[in-house]
Amino acid sequence: MIRERLTDAIAKALKSLGIETGEFVVEHPADLSHGDYSTNAAMVAAKATGSNSREWANKIVVELEKHKPDGVARIDIAGPGFINFHLSREFFAERVGEIVRVSSAYGKNDSLKGQKVMVEYTDPNPFKEFHIGHLMSNAIGESLSRLVEASSAETKRVCYQGDVGMHVAKALWGKMHKPNASWGEAYAIGAQEYDKRKEDIDSLNKKIYERSDKNINALYDEGKQATLAVFENLYAVLGTTFDHYFFETEAAPVGKKIVEDAVGKVFEESNDAVVFKGEKYGLHTRVFLNSQGIPTYEAKELALAKLKYDWFPYDTSIVVTGNEINEYFRVLLAAMREVFPELAAKTKHISHGMLRLPSGKMSSRKGNVITALSLIEEVKDRVREKMEEPDETIAEQVAIAAIKYSILKQAPGKDITFDFDKSLSFEGDSGPYLQYTAVRARSVLEKGKAEQVPTWESDSQVKGEVPEQVTETERLLYRFPEVVEEALTMYAPQQVVHYLTALAGSFNTFYAKEKIADAKDPRSPYKLALTRATATVLANGLWLLGIVVPTKM
RNA sequence: GCUCCCGUGGUGAAACGGAUAUCAUAUCUGCCUUCGAAGCAGCAGUUCCAGGUUCGAAUCCUGGCGGGAGCACCA
């Protein structure tokens, strides 16, 4: 890798000047005109010695010029002492050749080879709506899963569904009082009436938990099956295939036992409930078993960590949830560090922001939720309007791309105020823009084939000329593997999004300026190879985002 | 009240402590007899406030102001 070569060369140069440090960084300058890589080594050296950074830059460059690293065409100094590296024409042409050769494997790495990683996400609750908040969790979790997978980890996608607990009791209570209501509506009714009918609903909760009433069991089973079937259809549309489902019903008894066994050690009794005193860690107290002896979310989550590990002995367990439970999770992890220290150390909590409505917080309790299904349908309608020959499959692929892009373009953890016209765009900075560019690139390749332009090969370089001018597209293409690794280590799919958007933009500029497929142009074979490399990176990158490239648009 | 998160052009966002803060959108101006106009080119416009640390701060620290979430038997 070029980056390592540069880092080694700089370290060597510093060493020969008597500076021993690994503190400097080698990065891409924000502005492409500043070169392809840049280092702050001179500033670091200046700091260590208390002297001028421009002078250090001059000395370092003299050293670097003695053994110029492969692939570097020019080194210069700018600003307060940045050393900028401009890579050579040959370097970029070789990378284009490499991308075409490696194809769908381009961008993958071995950083997690031999590791077992589990990712839990989406987590909709049976008996409640699958709303756009779950869409956020799904988009982020799926993308993280794919980043992990692309880094060669053995990856398991799992989903944890709350099929027991107060929300179920509320939904069943609502359904019993208004049988024609949908499950989402039934839940809202139960939630709104809870204050008035607390005793009723609490006792219903206990019956559900104990499965002691035949009629209630039948209604429960029916509701669970019906809502889960809806979720399955959505997973298919979203492109997620879970390897395993965990349910709260299996976690509950395990959690109860874990907590009971540790009463007096980790947990303590308080007002008939069993609690964990988080205060000693600067946190707050949370109830793990309620006064009826029923395990709460916290106890079940503790059990879940163990159930997961028993099923798949992970090295890392990533849990994607909404940020509203950040505080709970900190308490939970504090308790887990005492009960299962080795599992707590392997658990990584990623929280996503809330999808809010302009009118305020969306709440399934109040019933003012936008369901995932209605959103997808609405977006599909808008996509169809733009299509010349409507096609159901493509309309869906484009709609999902628009939705996922709007979620993944920003750092997970930040809220999105959902406004239809502002949040979902088909133009510029959007999922469809990336798809469109990929489709367009492929169509140019078709044209090249039809015109019988010969195939360019990087090793022989005999079948056509390489244009002297390096395009912006080429300066971006070779960075893709770095972007993938960075996005993984920082749990930041938005870096892939922003990279792809820049790449697509550069290609569209290239496309507008140059005729690519032209049998009479000796540079056409190379330009087609560049087009193929772009199409490949766009497709590989979109895969990481869970977005499909349509056959046409 | 306490704890945590967040304040970037009109709007939505990006930016391992790095260079002239990037991108999109909306508005405005051009470009389809040439490989797909869901596109391209151009104009204009931004780091909440006050201190501090640093060669260098949107980023780190302190204090304000503003917004959000959570704070005992819901998840």
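## Helix packing, sheets, domains and RNA surface in a predicted model

Helix α19 (residues 480-489) packs against α20 with an angle of about 155° between them and 7 Å between their axes. This geometry belongs to a predicted model. Angles over 145 degrees count as roughly antiparallel, and α19 and α20 are therefore roughly antiparallel to each other. On the α19 side the residues are Val483, Glu486 and Ala487, and they meet Pro493, Gln495, Val496 and Tyr499 in α20. By class, this contact has five nonpolar residues, one polar and one charged.

Two other helix pairs can be set beside this one. Helix α5 (residues 132-150) and helix α15 (residues 392-408) have axes 9 Å apart and pack at about 80°. That makes α5 roughly perpendicular to α15. Leu135, Met136, Ala139, Ile140 and Ser143 of α5 make the contact with Ile403, Lys404, Ile407 and Leu408 of α15. Seven nonpolar residues, one polar and one charged make up the contact of α5 with α15.

For α6 and helix α7 (residues 183-193), the packing angle is about 100° and the axes are 7 Å apart. The two helices α6 and α7 are therefore roughly perpendicular to each other. From α6 the contact takes His167, Lys170, Ala171, Trp173, Gly174, Lys175 and His177, and from α7 it takes Trp183, Ala186, Tyr187, Ile189, Gly190 and Ala191. The residues of this contact divide into seven nonpolar, four polar and two charged.

The table lists the three pairs.

| Helix pair | Angle | Axis separation |
|---|---|---|
| α19 and α20 | about 155° | 7 Å |
| α5 and α15 | about 80° | 9 Å |
| α6 and α7 | about 100° | 7 Å |

### Domains

Chain A is divided into domain 1 (2-87), domain 2 (121-356) and domain 3 (376-545). Taken over C-alpha atoms, the centres of domain 2 and domain 3 are separated by 38 Å. In the contact between them, 22 residues of domain 2 touch 22 residues of domain 3. On the side of domain 2 that touches domain 3, the elements giving two or more residues are α5, α9 (214-238), β12 and β13 (355-356). The largest share of that side, eleven residues, comes from α5. By class, the residues on the domain 2 side divide into 14 nonpolar, six polar and two charged.

### Sheets

Four strands form an open sheet with antiparallel pairing, in the order β1-β2-β4-β3. Its edge strands are β1 (26-27) and β3 (72-78), each of which pairs on one side only. Two bridges join β1 to strand β2 (residues 37-39) in the antiparallel sense. Among the residue pairs here, Val26 has Thr39 in β2 as its bridge partner. Helix α3 (residues 53-66) lies across β3 and β4 and runs at about 170° to β3.

Another open sheet has five strands in the order β7-β6-β5-β11-β12, with parallel pairing. At its edges stand β7 (244-247) and β12 (347-352), each with a single partner strand, so one side of each is left without a neighbour in the sheet. From one strand to the next the twist averages 25°. Strand β5 (residues 116-120) pairs with strand β11 (residues 316-322) in the parallel sense over four bridges. The bridge partner of Met118 in β11 is Ser317. Helix α11 (residues 297-311) lies across β5, β6 (154-161), β7, β11 and β12, and runs at about 150° to β7. The edge strand β12 also gives two or more residues to the side of domain 2 that touches domain 3.

### Surface near RNA strand B

Around RNA strand B there are 77 residues, of which Ser38, Gly165, Asn290, Gly428 and Asp429 come nearest. The elements that each supply at least two residues of this surface are α2 (41-49), β4 (82-87), α6 (166-177), β9 (273-276), α12 (326-339), α14 (372-386), α17 (431-450) and α20 (493-513). Two of these elements also appear in the helix pairs above: α6, which packs with α7, and α20, which packs with α19. The strand β4, which also supplies residues to the surface, belongs to the antiparallel sheet. By class, the surface near RNA strand B has 31 nonpolar, 27 polar and 19 charged residues.

Notes. Residues are numbered from 1 along each chain as its sequence is written. Chains are lettered from A and ligands numbered from 1 in the order in which they are written. This is a predicted model: local features need pLDDT of at least 70, side-chain atom pairs count only at pLDDT 80 or more; totals for chains, interfaces and linings use all residues. A residue is near a molecule or strand if its C-beta atom, placed from the backbone, lies within 6 Å of it. Ala, Val, Leu, Ile, Met, Phe, Trp, Tyr, Cys and Pro count as nonpolar, Asp, Glu, Lys and Arg as charged, and the others, Gly among them, as polar. Axes are lines fitted to C-alpha atoms, for helices over the stretch in contact, and angles run from 0 to 180 degrees between N-to-C directions. Angles under 35 degrees count as roughly parallel, over 145 as roughly antiparallel, 65 to 115 as roughly perpendicular and the rest as oblique. Two residues are in contact if their C-beta atoms, placed from the backbone, lie within 7 Å. Two strands pair if DSSP finds at least two bridges between them. Domain bounds come from an automatic or database domain assignment.
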